[in-house]
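Notebook open, coffee poured. I want to go through this one piece by piece and write down what I looked up.

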Amino acid sequence: MHIPDGFINGVTSLGAGVVAVSGLGASLRRAGKELQDRQIPLAGLIAAFVFVLQMLNFPVVAGMSGHLLGGALAAILIGPWMGMVVVSVVVIVQALLFADGGISALGLNIVNMGLLTVLSGWLAYRLLMAVLPKKAGSVLLAGSLAAWFSVVVSSLGFVGEYAVGGAGGASLSTVLAAMSGTHSLIGIGEGLITAGVLGSVLAVRPDLVHGARLFGIRHADNAELSRRAVGAFIAGGIAVAILLVTVVAPRASSDPDGLERVAIDQGFADTASEQPLGDTPLSEYGVAGVEDEQLGTVLAGLIGLGVTFLAGVGLVLLARRSRGRVESR
Amino acid sequence: MSGTHTHALFVHGHSHLHRLPASTKLGALGLFVLAVVLTPRESFWAFVVHAVLILSAMWLAGLKPGFVAKRLVIEIPFVLFALFLPFVAGGDKLDVLGLSLSIEGLWGGWNIVAKGTLGLAASIVLTATTTVPDLLSGLERLRVPRLITSIAGFMVRYLDVIAGEMHRMRLAMLSRGHDPRWIWQAKAYATSAGALFIRSYERGERVYYAMTARGFAGQMPTFDAERATATEWMGALLLPAVAWTAVAVAVLA
């Protein structure tokens, strides 16, 4: 999700630029202590690795695919400070060399993808590791949950920026529901892949995993998430997505303080009497033919979630295809 | 540094725009895009001014419109979002061909498409006329920390190597009958990404040893940092100056 120019207004973009510069500056200072000259080529190669990882698609369901953001993974592999520097460099190079993401939005993109993912992923990882037993399996479990969390936080970062300076007119709760809902689904993929990558690195070079070194974990033979853990993780992610769309979003829209506009389904409902759009199957808060109003709202939310998810994945695929063509020359 | 002087979007040329120092081009790009973003969305004529500026820069650089248009495809997801806005935004409605469109949403969509396209086109002009070493030394001139530019330099230099490595691993998997369709088949992807990380890490270490063997003592040699002259700065800043004038007139009028 590279924000282009004009999506968020100028003042907010500049503000995010200031946040990005100070955040990046702080992590540079902290990383600078560990980052001897030996590690500059290393950091560059890891940045190249993250870039390639983002180019690569993994399957989601038949024919569709997603790709990794890699913020939480970078934090666990090379530590939060180096991680923030490296992922931010990736975002900067994407903007300046590949025209991917707006120049005025560079600050926003650095904050969302370079700083927020790494920082939130690392915090979640540390918190989880504090309570989990100190062994390789826990690294994978904490890593996958942290990766899920980082994706959702990153999307909330976007929602926050949209709330402050969004140009558009789509209501905040619509954006909130769409972004947090889809990203808690996308986060499932991010979490599972992150666990897989961590497992395979731990099996061969456990000494390279910063997040494992920190807790004195030196051995890992075939560490992988159990089938049950994977199932629970997927179910949990979907449950949170459903919860966000059906409960939190409508609540937020009826909240008196500022989040006053209506969600997609309610927007259709409001205009139902005088407009052709009122005849869409999602009008009147619910699904046509479903009598129970409560159930109808939930169904509308779920269908909205499904459509948003499919559209989102399709768009990602489209964008990746075109980018792949340019880069594979 | 041989072989990395160009990148996917660079177009070889000898125009004035190619010859301008990168620092001035970066400064001009930043100021221009800022002007675009700050333009009031109702001032159509100001957007026309911006568009004419971009088109003349493209003409100066000898870029083909088709090349820029192809690269603009990256914007499609946001264009779709913009098209979606008139249907979901609230406020007053406008009836067009039987569709009820939100006026606020129409403005919002127009705002995103116009500014996004202009900003993207401007960045494409920069990337198409500036080589990687020039871009990095230009960033350094503009006081971007050395650490950032040197990490970015290594990143760009080894991008194709790492991507090639991934490509070979993928080919090897495919030739062994790997056919991923569902998310639970993604484990192979994760494992190869893990292997790729280890290879990148170990390559990073080897690169460092190779550098020390060739006399590296902690300082990267400086890029040939040519100072931009006042004339060059003025030439580069002409474009954002016109854009800012348009914005000033639009805001004050």
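**Confidence first.** pLDDT is the predictor's confidence in each residue, on a scale from 0 to 100. I need that here since this is a predicted model. Chain B averages a pLDDT of 82, and 88% of its residues score at least 70. For chain A the mean is 74, with 67% of residues reaching 70 or more. For the complex, I noted an ipTM of 0.86 and a pTM of 0.81 from the predictor.

**Where is confidence lowest and highest in each chain?** In chain B, I found the lowest mean, 72, in strand β1 (residues 93-96) of chain B, and the highest, 91, in α2(B). Among the elements of chain A, helix α10 (residues 264-270) of chain A is at the bottom with a mean of 37, while helix α5 (residues 106-131) of chain A tops out at 93.

**Stretches I'm marking in red.** Residues 253-294 of chain A have pLDDT below 50, yet this stretch still has 75 contacts in the model beyond near neighbours in sequence. Residues 322-329 of chain A also stay under 50, with 8 contacts beyond four places in sequence. In chain B, I marked residues 1-5, again under 50, with 7 contacts beyond four places in sequence. Note to self: where pLDDT is low, the predicted coordinates should not be read in detail.

**Chain A, overview.** I count 11 helices and 2 strands in chain A. Along the sequence the pattern goes α-α-β-β-α-α-α-α-α-α-α-α-α. Chain A has 329 residues, and 57% of them count as buried. I also checked the contacts in chain A between residues at least 6 apart in sequence: 70% of them join residues at least 24 apart.

**Chain B, overview.** Chain B has 10 helices and 2 strands, and from the N terminus on I read α-α-α-α-α-β-β-α-α-α-α-α. Of its 253 residues, 39% count as buried. Of the contacts in chain B between residues at least 6 apart in sequence, 78% join residues at least 24 apart.

**Domains of chain B.** The division is into domain 1 (16-139 + 226-252) and domain 2 (144-213). I looked up how far apart they sit: the centres of domain 1 of chain B and domain 2 of chain B, taken over C-alpha atoms, are separated by 34 Å.

**Helix pair in chain B.** I went to helix α8 (residues 146-175) of chain B and helix α9 (residues 187-213) of chain B, whose axes come within 11 Å and cross at roughly 145 degrees. The crossing of α8(B) and α9(B) is right-handed. Which residues make the contact? From α8(B) they are Ile162(B), Glu165(B), Met166(B), Met169(B) and Met173(B), and from α9(B) they are Ala188(B), Ser192(B), Ala195(B), Leu196(B), Arg199(B) and Ser200(B). Sorted by type, the residues of this α8(B)-α9(B) contact come out as 7 nonpolar, 2 polar and 2 charged.

**Helix α7 of chain B.** Helix α7 (residues 132-141) of chain B is largely enclosed by the rest of the structure, because 7 of its 10 residues are buried. I listed the buried residues of α7(B): Val132(B), Asp134(B), Leu135(B), Leu136(B), Ser137(B), Gly138(B) and Leu139(B). What covers them? The cover includes α4 (80-98) of chain A, together with α2 (22-38) and α8 of chain B. After α7(B) comes Arg143(B), and I noted its positive phi, near 70 degrees.

**Ile151(B).** I found this residue in helix α8 of chain B. Buried or exposed? Ile151(B) counts as buried, because it has 32 C-beta neighbours inside 10 Å and the cut-off for buried is 20 or more. Leaving aside neighbours within four places in sequence, Ile151(B) is in contact with Ile40(A), Ala43(A), Gly44(A), Ala47(A), Val85(A) and Val89(A).

**Ala136(A).** This one lies in helix α6 (residues 136-165) of chain A. I got 23 other C-beta atoms within 10 Å, so Ala136(A) is buried. Last lookup: Ala136(A) and Leu202(A) are 66 residues apart in sequence, but C-alpha to C-alpha they are 7.6 Å apart in space.

How values were computed:
Residues are numbered from 1 along each chain as its sequence is written. Chains are lettered from A and ligands numbered from 1 in the order in which they are written. This is a predicted model: local features need pLDDT of at least 70, side-chain atom pairs count only at pLDDT 80 or more; totals for chains, interfaces and linings use all residues. Axes are lines fitted to C-alpha atoms, for helices over the stretch in contact, and angles run from 0 to 180 degrees between N-to-C directions. Helices (H or I, at least four residues) and strands (E, at least two) are DSSP runs, numbered from the N terminus. A crossing is left-handed if the near helix is turned anticlockwise from the far one by less than a right angle, and right-handed if clockwise. Two residues are in contact if their C-beta atoms, placed from the backbone, lie within 7 Å. Ala, Val, Leu, Ile, Met, Phe, Trp, Tyr, Cys and Pro count as nonpolar, Asp, Glu, Lys and Arg as charged, and the others, Gly among them, as polar. Domain bounds come from an automatic or database domain assignment. A residue is buried if 20 or more other C-beta atoms lie within 10 Å of its own, exposed if 12 or fewer, and partly exposed in between; C-beta atoms are placed from the backbone.
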